[in-house]
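Here is a walk through one predicted model. Keep the structure in view and follow the elements in turn.

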Amino acid sequence: MIFRNSLDAEELPALYEIEKECFVEPFLWSRTTFDKSLLFAARKKNVWIAEENGRIMGFLLAGKEFGKGYIDTVDVAGKARGRGVATKLIGMYEAAAKKRGLTEIKLEVNTDNPAQVLYFKLGYRVTGFRRHYYKLHCHALTMGKKL
Ligand SMILES: CC(C)(COP(=O)(O)OP(=O)(O)OC[C@H]1O[C@@H](n2cnc3c(N)ncnc32)[C@H](O)[C@@H]1OP(=O)(O)O)[C@@H](O)C(=O)NCCC(=O)NCCS
């Protein structure tokens with residue numbers, strides 16, 4: 001598996017296929033929003049990609065808000081799960097964030113999403129609860145980690 005902090009615009013369709021594997025409505029972004037967000041983040045070196053035998057297996061989309069880093073999403077293709085891909089992507093982002101002078105990373109996760117176990121294992125702790133944060137009366141936990 002190769003991990004890199006770069007994105008080619010031609011890779012967007014492959015990334016969106018993974019996004020569709022990971023999320024359904026109302027959490028699934030439209031293709032337009034997805035492309036815009038990924039390209040914006042890539043310009044700021046905030047996209048990390050996992051690739052195996054020339055095929056993209058996962059990606060992490062990050063950002064910066066009020067001086068803090070945040071993880072927008074980590075998406076891993078179904079067939080590549082359980083092999084530490086998300087752990088590695090998050091680790092790479094954390095190392096880069098630290099080098100960039102950030103001292104904290106935040107994220108929001110649907111209360112029903114088992115990804116919160118992954119984040120907890122990596123040292124993220126619940127910092128709050130956002131009622132009706134998502135559509136359809138879904139709620140979110142906010143989590144954070146000091147670097
Ligand atoms: C959540 C997700 C990113 C995990 O990716 P992954 O590469 O399989 O994760 P890792 O292999 O690095 O997992 C590391 C640890 O996290 C925990 N973990 C990961 N996925 C889990 C799940 N579905 N349920 C419970 N624990 C989980 C486990 O403790 C795991 O360690 P183990 O394999 O030794 O048990 C992946 O399932 C996914 O893409 N989900 C859909 C998208 C999503 O919801 N992303 C998060 C948005 S906030």
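Start with a pair of helices. Helix 1 (residues 12-22) packs with helix 2 (residues 31-43) at an angle of about 120°. Their axes are 11 Å apart. Angles from 65 to 115 degrees count as roughly perpendicular and those over 145 as roughly antiparallel. The angle therefore makes helix 1 oblique to helix 2. The crossing of helix 1 and helix 2 is right-handed.

Which residues of helix 1 and helix 2 meet? Helix 1 brings Leu 12, Leu 15, Tyr 16 and Glu 19. Helix 2 answers with Arg 31, Phe 34, Asp 35 and Leu 38. By class, the contact of helix 1 with helix 2 has 5 nonpolar and 3 charged residues, and no polar ones.

Now turn to the sheet. It is open and formed by 7 strands, in the order 1-2-3-4-5-7-6. The pairing is mixed. Strand 1 (2-4) and strand 6 (125-130) are the edge strands, each pairing on one side only. From one strand to the next, the twist averages 25°.

Follow the pairing inward from strand 6. Strand 6 pairs with strand 7 (residues 140-146) in the antiparallel sense, over 5 bridges. Here Val 126 has Met 143 in strand 7 as its bridge partner.

Elsewhere in the sheet, strand 3 and strand 4 are also worth tracing. These two strands pair in the antiparallel sense over 8 bridges. Ala 62 stands opposite Ile 71 in strand 4. The hairpin of strand 3 and strand 4 has 2 residues between the strands. In that hairpin, Phe 66 takes a positive phi near 50°.

In which sense do strand 4 and strand 5 pair, parallel or antiparallel? They pair in the parallel sense, over 3 bridges. Ile 71 appears again here, standing opposite Leu 107 in strand 5.

Next, see how helices lie on the sheet. Helix 2 lies across strand 2 (47-52) and strand 3 (55-65). Helix 2 runs at about 70° to strand 3. Helix 3 lies across strand 1, strand 2, strand 3, strand 4 and strand 5 (104-110). Its angle to strand 3 is about 35°.

Finish at the ligand. There are 19 residues around the ligand. Arg 81, Ala 86, Thr 87, Pro 114 and Leu 118 come nearest. Strand 4 (68-76), helix 3 (85-99) and helix 4 (115-121) are the elements that give two or more residues to the shell. By class, the shell has 10 nonpolar, 5 polar and 4 charged residues.

Definitions and conventions:
Residues numbered from 1 in each chain as written. Predicted model: local features only at pLDDT ≥ 70, side-chain atom pairs only at ≥ 80, totals over all residues. Near = placed C-beta within 6 Å. Helix = DSSP H or I, 4+ residues; strand = E, 2+ residues; numbered from the N terminus. Nonpolar A, V, L, I, M, F, W, Y, C, P; charged D, E, K, R; others polar. Axes fitted to C-alpha atoms, helices over the stretch in contact; angles between N-to-C directions. Parallel < 35°, antiparallel > 145°, perpendicular 65-115°, else oblique. Left-handed = near helix turned anticlockwise from the far one by under 90°. Contact = placed C-beta atoms within 7 Å. Pairing = 2+ DSSP bridges.
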